[in-house]
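Student: Got a minute to go through this one with me? I'd like to start with the ligand and then look at the packing.

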Amino acid sequence: MNSTLQTPGFTLADPSLWTNGPAEDELRILRENHPLSWHEEPSSEWFPEGGRGFWSLVRHEDVSAASKDQDTYSSGQGTELIDMPAEMVRTYGGMLNMTGEDHAKHRAIVSRVFTPRTLAQLAPQILEHARTCIARIKDREDFDFMEDLVADFPAQIVCDLMGVPAEDRPELIRLTGIALAGNGTAESYKTMTQIVEYAKGLAARVEVAASDDASLLRKLVDAEVNGERLSNEEVGIFLALLLTAGIETTATSIGQGFYAMSQYPEQRKAWQEDYDALAPRAVEEIVRWVTPVMHFRRTATRDIELYGQTIRKGDKVLLWYTSGNRDESVFPEAEKLDFSRESEVPHVAFGGGGPHFCLGAQLARLEISIFFKELFQTLPNVAVNGEPVRLHSNFVNGLAHLPCTTGRA
Ligand code: HEM
């Protein structure tokens, strides 16, 4: 720690700041007065052991700059606030928690497979899953948007992507739920290793099967960059990462996005009236407004002088995407959902543009766009009719429940 520490009089590790939504007021105070601040991690319901404290970067330009500077702000010791043993950092995050050449190698291999073209080809399957989800509720009066409608939508798509057989999906999706809810606990780690074991087995089966299978998993197992391939274990860890990175985030964008539109009905009306033309901007604005992943963590690789303070080598630094996306210097009236918003500077919900920038951004955009189009076409009057119940977290800006009516009654 250091003698000139700026502490704002609260800590963003305090769960009570996040009960009704992101800690908007506190983050505004930080953006205005404490662009770099130190936060204690006392023991809490989330972290019974407490923690060693962390720095917070809250302005859009600082979150972007740190995201692009892996040599100084490294992901190598984990991207979650909680300090984990090295083995857990690897199994939990795979490439998300790698740096330098290791990360570059992984990224090169998976990018060869995870191409915009491959993803665009998934559109018909995504539409099919959207229809299945909507069919479950369309003849009802009331339903829960999160549980009854979107719950398994993104999960089925990741399973499609990786060629997970239909009979294995319910169990895999159940395990992913446990892993995500545990947020770094021993139970969630155990579950993650089960998922990795399953995916390793899947990769091994694919490796020996006839090679006319065009699934992404097949391509991933075969992909080679500079003579390097991923081992079955690495493929397994990657599948586990796709499940944890691709499910909650997308479901949250859709659920919170729908809730946001209930608060800004004129935006929804405009979109429903001219869906395809507005879709690219509407989807981007929803992701900015919601910011499903509210922070990721970095670790300082050296002493850093910033805003008159010293971040010591080894200190944890949190990049607050949810704050960067409310930065008025970049997004005027940032708290408003505005589908006509034009911004020169991209939002940071998918990361600040560095080497770890979300690999699934294109897929997420496609899923959100297809889902709302189908929903509005099938149930044009679908509406929120109760209070949402939030996931209690300062990491994922999620909803547990969102009571709705199909508008058919
Ligand atoms: C709206 C939905 C999503 C949001 C908000 C989101 C957000 C993020 C963020 C903030 C990062 C870290 C960026 C950084 O450190 O610079 C990330 C990385 C990643 N995301 Fe997403 N994500 C979403 C959907 C998805 C989907 C659908 C997938 C795949 C199925 C996915 C796969 C990944 C992967 C593999 C990485 C790691 C990339 C790397 O380390 O190089 N994400 N995402």
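Tutor: Sure. Keep in mind that this is a predicted model. One contact to start with: Arg298 has a polar side-chain atom 2.8 Å from an oxygen atom of the ligand.

Student: What about His103 and the ligand, how far apart are the polar side-chain atom and the oxygen there?

Tutor: That distance is 2.7 Å, again to an oxygen atom of the ligand. For His356, a side-chain N or O atom sits 2.6 Å from a ligand oxygen.

Student: And which elements give two or more residues to the shell?

Tutor: Four helices and a strand: H4 (100-113), H12 (232-246), H13 (248-263) and H17 (361-378), plus strand S5 (295-300). H12 contributes the most, with four residues.

Student: How many residues surround the ligand, and which are closest?

Tutor: There are 27, and the closest are His103, Arg107, Arg298, His356 and Cys358.

Student: How does the shell divide into nonpolar, polar and charged?

Tutor: It has 17 nonpolar residues, eight polar and two charged.

Student: OK, switching to packing. Which residues touch the most other members of the largest nonpolar core?

Tutor: Phe145, Met162, Trp271, Phe371, Phe372 and Leu375, out of 91 residues in that core.

Student: Take Phe372. What is it in contact with, leaving aside neighbours within four places in sequence?

Tutor: Phe372 contacts Ile254, Gly257, Phe258, Met261, Trp271, Tyr275 and Ile286. Trp271 is also one of those core residues that touch the most other members.

Student: What's in the second core?

Tutor: That one is separate and has 18 residues, including Val293, Ala300, Tyr321 and Val348.

How values were computed
Residues are numbered from 1 along each chain as its sequence is written. This is a predicted model: local features need pLDDT of at least 70, side-chain atom pairs count only at pLDDT 80 or more; totals for chains, interfaces and linings use all residues. Side-chain values use heavy atoms; hydrogens and water are left out. A residue is near a molecule or strand if one of its heavy atoms lies within 4 Å of it. A polar contact is a pair of N or O atoms within 3.5 Å; within protein, one must be able to donate a hydrogen and the other to accept it, and residues adjacent in sequence count only if both atoms are side-chain atoms. Ala, Val, Leu, Ile, Met, Phe, Trp, Tyr, Cys and Pro count as nonpolar, Asp, Glu, Lys and Arg as charged, and the others, Gly among them, as polar. A nonpolar core is a set of buried Ala, Val, Leu, Ile, Met, Phe, Trp, Tyr and Cys residues joined through side-chain atoms within 4.5 Å. Buried means under 20% relative accessible area, exposed over 50%, partly exposed in between (1.4 Å probe, protein chains only). Contact means heavy atoms within 4.5 Å.
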